[in-house]
Amino acid sequence: LLFIAFVIVLTLVSVLKDESASELIARIKTANPRYLILAVLCVLGFLLMQGVIIYMMCRSLNLKESLWRCMLMSFHGYFFCNITPMQTGGPIIQIYDLRKEGVGVPTACMLIFNMTFLFKLVLFVLSIGFLTVGQGMLAEYTGSIHPLVNIGFFLTIAVTLLLGLLIFNTKLTKKLAIRVFDWSVRRHLQKKNIEKRRAKMLDMFDQYKDVAGFFMTHLKLMGILLLLTFVQRF
């Protein structure tokens with residue numbers, strides 16, 4: 001609670017640093033409450049749809065997670081995204097939540113990675129659209145920063161392709177993990193139970209591969225999840 005209070009104070013200070021508090025309050029009072037309510041409902045809809053996506057993935061793997069618990073995981077992830085640098089905490093806490101629910105770490109990782117990939121895939125499609133048919137509109141609204149916006153779209157496309165490669169090309173991911181593990185051994189970052197840890201890591205990758213293979217072969221399910229993610233993003 002102290003940490004959250006500190007974050008809130010820090011946020012308020014950064015927001016009000018170059019603003020007059022009285023002017024800010026006056027502007028807030030002129031805001032149309034209907035739009036504020038609509039904004040809150042949009043956030044709730046966004047989070048509830050993410051809960052539905054997590055629930056559908058769990059059910060497809062015969063994991064007995066309730067829709068309510070999946071909704072809570074969605075809210076939990078969103079909260080941690082907002083209080084951690086570069087929104088990195090959300091996926092990690094959701095993997096932790098699934099682990100607490102009795103889901104194995106490899107399966108939990110694959111579920112959240114898959115959800116993240118679908119999220120990025122929507123941005124990928126939108127980026128392609130803006131780069132091919134939306135340049136006129138972009139130039140009109142972004143002005144001098146138009147080239148920077150296009151660079152952002154290219155980076156989104158590149159990151160999405162790389163993410164998809166790492167998530168679904170399990171052989172490549174496994175090789176990279178082994179190299180990182182061997183490097184940590186050579187650097188003496190790991191000194192105890194090295195072979196046991198290696199065996200455990202390889203076993204986890206085998207489980208991860210099975211779940212990745214499931215999603216790769218169930219294209220209808222992936223199509224439905226992608227459609228839901230489109231609606232969620234919009």
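Two residues are in contact when heavy atoms of each lie within 4.5 Å. By that rule, residues 24 or more positions apart account for 62% of the contacts in the chain with a separation of 6 or more. The model is predicted.

**Overall build**

The chain holds 11 helices and 0 strands. Read from the N terminus, every element in the run is α. Along the principal axes, the C-alpha atoms fill a box of roughly 65 × 50 × 40 Å. The chain has 234 residues, and 30% of them are buried. Its accessible surface comes to about 15600 Å². Carbon and sulfur atoms make up 70% of that surface. The chain carries 25 positive and 12 negative charges. The mean positions of the two sets are 6 Å apart.

**The nonpolar cores**

The largest nonpolar core has 28 residues. Met57, Cys58, Leu98, Met110, Leu111 and Phe215 touch the most other members. Seven elements are listed here as giving two or more residues to this core: helix 3 (33-60), helix 4 (67-83), helix 5 (89-100), helix 6 (105-133), helix 8, helix 10 (194-217) and helix 11 (219-233). Which helix gives the most to this core? Helix 6 does, with 8 residues.

Leu98 shows how such a residue is surrounded. Leaving aside neighbours within four places in sequence, Leu98 is in contact with Cys58, Met73, Val103, Ala108, Leu111 and Ile112. Cys58 and Leu111 also appear among the core members that touch the most others.

A second, separate core has 5 residues. Phe124, Leu131, Leu138 and Phe153 are among them.

**Selected residues**

The table gives the relative accessible area of five residues.

| Residue | Relative accessible area | Class |
|---|---|---|
| Thr229 | 2% | buried |
| Asn150 | 13% | buried |
| Ile128 | 36% | partly exposed |
| His188 | 56% | exposed |
| Asn62 | 67% | exposed |

Asn150 lies in helix 8 (residues 146-168). Is this residue buried or exposed? Asn150 counts as buried because its relative accessible area of 13% falls under the 20% cut-off. The side chain of Asn150 makes a polar contact with the side chain of Gln135, at 3.1 Å. Beyond its neighbours within four places in sequence, Asn150 is in contact with Leu131, Gln135 and Leu138. Leu131 and Leu138 belong to the second core.

Ile128 lies in helix 6. Its relative accessible area of 36% makes Ile128 partly exposed. Ile128 and Phe153 are 25 residues apart along the chain. Their C-alpha atoms are separated by 7.7 Å. Phe153 is one of the residues in the second core.

Thr229 is found in helix 11. At 2% relative accessibility, Thr229 is buried. Which residues does Thr229 touch, not counting those up to four places away in sequence? They are Ile53, Leu118, Phe119 and Val122.

**Two loop residues with positive phi**

Asn62 is not a glycine, yet has a positive phi of about 60°. Asn62 sits in the loop between helix 3 and helix 4. This residue is exposed, with a relative accessible area of 67%.

His188 is a residue other than glycine, and its phi is positive too, near 60°. The place of His188 is in the loop between helix 9 (170-186) and helix 10. His188 counts as exposed because its relative accessibility of 56% is over the 50% cut-off.

Terms used. Residues are numbered from 1 along each chain as its sequence is written. This is a predicted model: local features need pLDDT of at least 70, side-chain atom pairs count only at pLDDT 80 or more; totals for chains, interfaces and linings use all residues. Side-chain values use heavy atoms; hydrogens and water are left out. Helices (H or I, at least four residues) and strands (E, at least two) are DSSP runs, numbered from the N terminus. Buried means under 20% relative accessible area, exposed over 50%, partly exposed in between (1.4 Å probe, protein chains only). Accessible areas come from the Shrake-Rupley method with a 1.4 Å probe; for residues, only the protein chains shown count as cover. Lys and Arg count as positive and Asp and Glu as negative; His and the chain ends are not counted. The place of a charge is taken as NZ of Lys, CZ of Arg, CG of Asp or CD of Glu. A polar contact is a pair of N or O atoms within 3.5 Å; within protein, one must be able to donate a hydrogen and the other to accept it, and residues adjacent in sequence count only if both atoms are side-chain atoms. A nonpolar core is a set of buried Ala, Val, Leu, Ile, Met, Phe, Trp, Tyr and Cys residues joined through side-chain atoms within 4.5 Å.
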